[in-house]
Every structure is written in structure tokens, then in C-alpha cells.
Amino acid sequence: MAEQEERVSHFIADMLAQDLSDGRHAHIMTRFPPEPNGYLHIGHAKSICLNFGLAEQFGGVCNLRFDDTNPTAEEVEYVESIMADVRWLGFDWGERLYYASDYFGQMYEYAEALIQAGKAYVCTLSPEAFKAYRGVPTRPGQPSPSRDRPVAENLDLFRRMRAGEFPDGAYVLRAKIDMSSPNLHLRDPAIYRIKHAHHHRSGDTWCIYPMYDFAHGLEDAIEGVTHSICTLEFEVHRPLYDWLLDQLPVPCHPQQIEFARLNLTYTVMSKRKLLELVRDKVVWGWDDPRMPTVSGLRRRGFTASSIRTFCRKIGVTKTESVTDIALLEHCIREELNVSAPRVMVVLDPIKLVIENYPAGQVESLEGVNNPSDPAAGTRPVAFSRELYIERDDFMEDAPKKFFRLKPGQEVRLRYGYLVTCTGCEKDPETGEVVAVTCTYDPETRGGNAPDGRRVKGTIHWVSAQEGMDLRVRLFDRLFQVESPDDTPEGGHFRDNLNPNSCREVVAKGESVLASAVPGTRYQFERNGYFIVDEKETLPGKPVFNRIVPLRDSWAKKHQG
RNA sequence: UGCCCGAUGGUGUAAUGGUAGCACUACUGACUCUGAAUCAGUCAGUCUAGGUUCGAGUCCUAGUCGGGCAACCA
């Protein structure tokens, strides 16, 4: 994993290096703190690579911590998928698996301490009134009538909140900071709310739960995190993060650092929207190969290392940006080009009949498994009089630079013979081409002519008799526009879905694929990279997912 | 008409007061038993206006544009 050892340099790495050399910290501790309310996506992968990568780079550690302070949104299914995804991405949290819910007791003590210090109060305002009193960004807020409630009364009320004496929403614990602050988050934010909800870990022990702003800094401090790295939208929360840690006798005061989240063209990244696609069955599930989720990318066929490479290449900054999905595709092609075994598969088959080849004869030719890796060896490929070739590889009326089959033109059948196109057969009703005909030169076995003549085109093929049917899914981008979130007035991001994001075809492939192992990635020559689907493949009946097509400069030039 | 953050080719990033570089994309050409890969090349950038300085992408001021902030979500 050479790319992992490569030192990454960006403003956060610089800050950590500085803190280390200044002696501000003797070691680094970061954390990846997902809320288990959905599956991880590639944006999380960026954060995972950042946090675990930084720890690795500076000889520190990175914790995996579930920020599970809102029981109504969280589920164990998500906890499990998140752990599996982080592991799959290649990171190890060792013994440092934590849950915010494990700190509920300590957090409660801190909350009482804040009340004792006169820095928090129980507020009776309804959610609507709460909002009204808070004011708007341009106008200061008004103090809650509960703001000056005596400490003893606050304590009593808070204890009764915990005891379950009140219904949801009846009271809320608020930090007492500054109702006229230009930063809304400092206008006496709610820090504990009543929620009579069953928690996936703490069960029914609690009916009050801490809010993010109260909990997160404490979680960091309890664990001894040195650098708490999060995304830009938390920047305005930082004064509150710092205020809280300054008020309480915490073991340390971690530093919050913000960076820009990842955005990708042709997809959406919000958990809410991804959940909507799953719930409404727009996609097959969280691991649909078209989803930008880690599990979706995995099923699509992306490797963990290609995702890590991608995360290294996009960099870390505070600039809001949208990364071109082409970069991700580049990363997987780059890797698979050297590692994936080649095989011939015809996705849109049409028959090619070699008129002068003996009927019934079958010979075995030799195909190279991986041109960039001689050790991968060769395989036998059956050849006969009737083959399948791609419909696109024949044109009756072709442009001058069409190097494939057209009447009178000679091409090479990969690893086979040179053949010259003699014409085609058409359906008399529809006029559709049903077969292409040619003659072969017996002297060119293997693909080279003894007289040294050269042909410009080489096409792939599969023997009609010996080849096998293959289920192949051709995926395209889930959305047909670069920014699916940009919708006109009254529009919805779903209006931008690509109706052709998945097309399944029955292809013809080499028979070796009958024993293809689920999870194996191939290059279908001249087509693209494909993976044997791990969920739907049955013994002898592989199902393939297209990871990414090969670049195709000819199609690009001649499309439309 | 509040506060915070940001602004470098089409895209993503580097340059930490001293030659604006890299990658992706696009386009050329060479090569090729994958119209792939590879190789060579081309197009293309410091938001604006002032200021400081021998020298500014970098520092200062003002503006412009973009993003974030008004869940008892995280």
C-alpha cells in the first residue's frame, strides 16, 4: 500500500505537526464519530481516511465512536454496517470502540455541575416559544422567564426530568450564555431534552438525552481526543464547544478543526436523501451499486484502496467544492488496469459466420490473462465457425476511419484469425442485421499474418456454441445532471434521476466464467471492468456488475 | 439589513513575501493483437479596486460573489 505511506500534507496535518513540535501534545488522538442513523457514504470515507490517516501518519490513535445521543433516529443495523464499512476501508480502531451512550452517566453529572455553577437552567418554554424568544440572526433574543430560576429549583426539576415525571417536550435544560449573541448557538442553547424513547444500547435507563452540542465536546474530552475534526457546518458551533469545556472540570480541552465536506458530481450525499431513495425503493437498498454509499461502491466493485487513493487525491481544505466523479472513476481504472484479469464478453451479441471455416470444427486458442502481468498466464479460448461479436463492431455503411467490420475490410479476431467481412444477413421484414459474414485466412492463426500485413482493428468475440449466457448489469450515473440538488422552483432532486441508470443484458461470455468467484473483478476486453456480484451469483450462474466502462475515444467522437 | 467561513485553469488542489506547479477532464499526435493502457503535446488560472513592499496568489482596507448559522437533529 504505497499510497498509504505517502505523507499527506494539508492545513490540518500542518496544525498537528505544529502541536507536536511545540510540545502542546505528546501524541495525537483523533476520532471518527458517526451517528448510527444511516449507512456511511463516500463523504464519510473522506473523514475516515482523514482521521485514521492522520493518526497513522503521526503515530497516534483514532477512536471509533458512535455518537448515539438521539435514540429515535438510531439503530443497531447502522452500527453494524458502519463498523463493517470502516474495517473494509482498511482501518482499525483496535480496542478503542466507544459509544456516547456509555457516557450518559458522566454527562448527567456534568449537567448537574453546570446547574450548580449557575450556568444552566430548566426552561419551561414550549418549542414554539423557545424559537420566538431566541430571536433571529439580525435581532437579539429575549431571556426566557425561566432564566433566573434558582439553582435548587433547577436541580430539582432536572432530577425529576430524569426520573421521568414529565412528558416529552415539557422541559428542557439550557446552558445560560448570552441571549444577545450574534451567534445563535450561544443564545442559551438546549443541552438536554426529555425523550421517552428506547435506546438501542442503554435501553430504558434514560428518558432524557443530551444534545449534540453538550455531548460532543464532552465525549472528546472524556476520551482524551487532541483534535476533533469535523465538517464546516460545525464552525459556528465551535464557540459553544469551547465555552462548555471551559465551564466544566474536564480532563482536557480538545481542539475542534473544520474542513469542507466532499461533494461529488452526479450524485447526492445527504443521508436524508439517500434514506429516501432506499425507503421509497428507488434503489435496491443501501448497497445498491449506484449509491455513493461505501456498501454501494463496494458492491459496484470499487476497491477499498481505490477509494483511499481518491480520498488522498481530493485533498483537505476549507473551500466548498464539488469533485468530478471522473476522478473516482480514474482511480479505480488505474488500479484495475494492472490487476484485473482479462476475458472476452460480448454485451450486445450478433452472429458472425466464417463462411470458409469448417462446420463442426472447434479449436483452442490461447488468450492472455493480463498483458501487464505475465505471471497471470494464459487460458484456452474456444474458436469455431459461428461466433458472437458486438453489434457495434459491424457497420454496413461505415465512415472511413471505422476500423472494425465493414464489407471488404479485414480485421483481427483477438487471439484468433484475420477475417475479411463479406456482408451481412438481414431480417427480410425489419431490415435488421441478424448476422455478419466473413471469410478467414487460415494462415493467420493467433492473429498475425505471415506476410506481415497489418490490420487496424481488433475485435473481441465468443464462440457461439462454447460461450455461455451471462447476466450483466450496466450501471450508469444515478442522476442525469451534475448537481441533482439544483432544482428549479418547486422541483425535487428526484426529478433528476437517470431513468437508465441500470440496464441488464444477457451477454455471451467465455465459458471459463462459469466458475467465476463472487467478488472477482475482470476486465471485459474493450468494454470495461466488471465484478461478480456477491449477492445474486449462483453456482455456475454468475451475475456481473459493471464497475466502470473503459475509456472510449472512438465512441466519444462519434456519439449522437 | 447580523455573525462566521471561503474565493488559484472546466474540475480538484499546490505555492507559507521571490519563476503560478500537480492531478483529473477535454483535445492533438505517436504507439498498439483492447479505438484500452502507455508516451509526447495542446487549450486553460490567482474575484474586483485600492494600498504596503524592490517584489503580492500570499499581507492590509473596501467591495463582489459563494457557502453556513434561526431542530428539544447530528
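A polar contact, as the term is used on this tour, is a pair of N or O atoms within 3.5 Å; within protein, one atom must be able to donate a hydrogen and the other to accept it, and residues adjacent in sequence count only if both atoms are side-chain atoms. The model is predicted, so local features need pLDDT of at least 70 and side-chain atom pairs count only at pLDDT 80 or more, while totals for chains, interfaces and linings use all residues. Residues are numbered from 1 along each chain as its sequence is written, chains are lettered from A and ligands numbered from 1 in the order in which they are written, and side-chain values use heavy atoms, with hydrogens and water left out.

**Asparagine 63**

Begin by selecting asparagine 63, which lies in strand 2; helices (H or I, at least four residues) and strands (E, at least two) are DSSP runs numbered from the N terminus. Asparagine 63 is buried, at 0% relative accessible area, where buried means under 20%, exposed over 50% and partly exposed in between (1.4 Å probe, protein chains only). Show the side chain of glutamate 223 as well, and a polar contact of 2.8 Å appears between it and the side chain of asparagine 63.

**The largest nonpolar core**

Next, select Ile42, Ile48, Phe52, Val86, Ile307, Phe310 and Ile547, which touch the most other members among the 39 residues of the largest nonpolar core. Such a core is a set of buried Ala, Val, Leu, Ile, Met, Phe, Trp, Tyr and Cys residues joined through side-chain atoms within 4.5 Å. Elements that each supply at least two residues of this core include strand 2 (61-66), helix 12 (304-314) and helix 13, but the largest share, six residues, comes from helix 3.

**Helix 13**

Helix 13 has 15 residues and spans 22 Å from its first C-alpha to its last, close to the 21 Å expected, a figure obtained as 1.5 Å times one less than the number of residues. Colour its buried residues, which are Ile325, Leu328, Glu329, Cys331, Ile332, Arg333 and Leu336.

**RNA strand B**

Turn now to RNA strand B, which has 66 residues around it, with Arg342, Arg404, Gly446, Gln523 and Lys556 coming nearest; a residue is near the strand if one of its heavy atoms lies within 4 Å of it. Sugar and phosphate make up 66% of the strand's atoms that come within 4 Å of the protein. Helix 13 (325-339) and helix 14 (553-558) are among the elements that each supply at least two residues of this surface.

Three side chains deserve individual selection here:

- Lysine 556 has a side-chain N or O atom 2.3 Å from a phosphate oxygen of RNA strand B.
- Arginine 412 places a polar side-chain atom 2.6 Å from a sugar or linking oxygen of RNA strand B.
- Asparagine 70 has a side-chain N or O atom 3.0 Å from a sugar or linking oxygen of RNA strand B.

**Two residues with positive phi**

Select lysine 281 in the loop between helix 10 (271-279) and helix 11, where phi is positive, about 55°, although the residue is not a glycine. Lysine 281 is exposed, at 69% relative accessible area. Tyrosine 415, in the loop between strand 16 (410-413) and strand 17 (418-426), also is not a glycine and has a positive phi near 65°, but this residue is buried, at 13%.

**Cysteines**

Finally, the structure holds zero disulfides, a disulfide being a pair of cysteine sulfur atoms within 2.5 Å. Cysteine 311 is unbonded because the closest cysteine sulfur, in cysteine 49, is 3.9 Å from its own, too far for a bond.
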